[in-house]
Amino acid sequence: MTRIGWGFLLLSLIWAEAGHAAAGTIDAFTVVPDGQGGQKYTVTIQILALMTALSLLPALLLGMTSFTRIMVVLAILRQALGTGQTPNNQVLMALSLFLTLFTMGPVFDRVNEQALQPYLKEEIADSVALERALQPFRQFMLKQTREADLELFLRISGKPPVETPEATPFAVLAPAFRTSELKTAFQIGFLLFLPFLIIDLVVATVLMSMGMMMLSPMVISLPFKLMLFVLVDGWSLVMETLAASFFLE
């Protein structure tokens, strides 16, 4: 939907809310007790919170899931193959997204069982559902984060050392998780880059020994790199390695 379409939708919602309010049929900002020590909000505020959450979805996808590691590794693999923009960014994004859904499946299942379904059945309040939903993500992020990175950001923030990693504040865990993910992605990318680098070096050496220095080594080495990648079933190996890097840690 274009910006103009969103603008008309927003104006329509405001007009509808104004009409309901004038008729006295809805109170837009009402907070009522839920009978369990918590609070409930009107549908209007819930929709506003939902729209805000959707706008933050890309940041959550990058900051709390396995998406970043997968995307960085695939980008390095494309660079190592020397295929330019093939596969293009859309293909890599789609592949990274679906592999993220696969590796994060157990986390999403726990969120659904512990938070989403009880909330939809109105068994727990909003705040309780949010707290329960964050716990599986915290466990996943802690499992993938190095202790050295946790200690680094604790030291930078000036917070006292924690007794256990589970007691790490989320404001410290989030950047430590990102740093660990980037470090792991570059380690995997380095290992993927080595065989293709060797092929480039061999081809460049042969061309220089033959006096063909005006011919780009990339033109000759690209078919050999593609042949090697296809013969060893490279895509399956890369997908298996990426998935195992999350399940085995």
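Start your tour at glycine 211, which comes after helix H9 and has a positive phi, near 75°. Helices here are DSSP runs of H or I with at least four residues, strands are runs of E with at least two, and both are numbered from the N terminus.

Before moving on, please note that this is a predicted model, in which local features need pLDDT of at least 70 and side-chain atom pairs count only at pLDDT 80 or more, while totals for chains, interfaces and linings use all residues. Residues are numbered from 1 along each chain as its sequence is written, and side-chain values use heavy atoms, with hydrogens and water left out.

**The whole protein**

Zoom out and colour by secondary structure: there are 11 helices and two strands. Followed along the sequence, their order is α-β-β-α-α-α-α-α-α-α-α-α-α. Of the 249 residues, 30% are buried; that word means under 20% relative accessible area, exposed means over 50%, and partly exposed lies in between (1.4 Å probe, protein chains only). Now show the surface, which exposes about 16,000 Å², with 71% supplied by carbon and sulfur atoms. That area comes from the Shrake-Rupley method with a 1.4 Å probe. Among contacts (heavy atoms within 4.5 Å) with a separation of 6 or more, 65% join residues 24 or more positions apart.

**Along H9**

Select residues 170–209, the 40 residues of helix H9. How far apart are the end C-alpha atoms of H9? They are 58 Å apart, in agreement with the 58 Å expected at 1.5 Å a residue; the expected span is 1.5 Å times one less than the number of residues. Next, centre on leucine 194, where H9 has a kink of about 30°, shortly before proline 195. The bend is the angle between axes fitted to the seven residues ending at a residue and the seven starting there.

Stay in H9 and pick serine 180. Is serine 180 buried or exposed? Serine 180 counts as buried because its relative accessibility is 0%. Leaving out residues up to four places away in sequence, serine 180 touches Gln144, Thr145, Arg146 and Asp149.

**Into the core**

Show Leu74, Leu77, Phe140, Val238 and Leu242 as spheres: these touch the most other members of the largest nonpolar core, which has 38 residues. Such a core is a set of buried Ala, Val, Leu, Ile, Met, Phe, Trp, Tyr and Cys residues joined through side-chain atoms within 4.5 Å. At least two core residues come from each of H4 (67–81), H5 (89–103), H6 (105–120), H7 (126–144), H8 (147–157), H9 and H11 (234–247). H4 gives the most, with 10 residues. In soluble globular proteins, nonpolar side chains tend to be buried together.

Click on leucine 242 to find Ile70, Val73, Leu74, Leu99 and Ile188 touching it, not counting residues up to four places away in sequence.

**From H5 to H6**

Move to threonine 103 in H5, which is buried at 5% relative accessible area. Its side chain makes a polar contact with the side chain of serine 66, at 2.7 Å. (A polar contact is a pair of N or O atoms within 3.5 Å; within protein, one must be able to donate a hydrogen and the other to accept it, and residues adjacent in sequence count only if both atoms are side-chain atoms.) A polar atom of the threonine 103 side chain also lies 3.1 Å from the backbone oxygen of threonine 100.

Now select methionine 104, in the loop between H5 and H6. Methionine 104 is buried, with a relative accessible area of 0%. Measure from its C-alpha atom to that of serine 66: the two are separated by 7.2 Å, although 38 residues apart along the chain.

Follow H6 to asparagine 112, where the helix bends by about 45°. In H6, Gly105, Val107, Val111, Ala115 and Pro118 are buried, and their cover includes H5 and H7. Just after H6, look for glutamate 122 and its positive phi of about 60°.

**Two loop stops**

Select proline 87, in the loop between H4 and H5. A cis peptide bond joins threonine 86 to proline 87, with omega about -5°.

Finish at aspartate 233, between H10 (217–231) and H11. Though not a glycine, aspartate 233 has a positive phi of about 55°. Aspartate 233 counts as partly exposed, at 44% relative accessibility.
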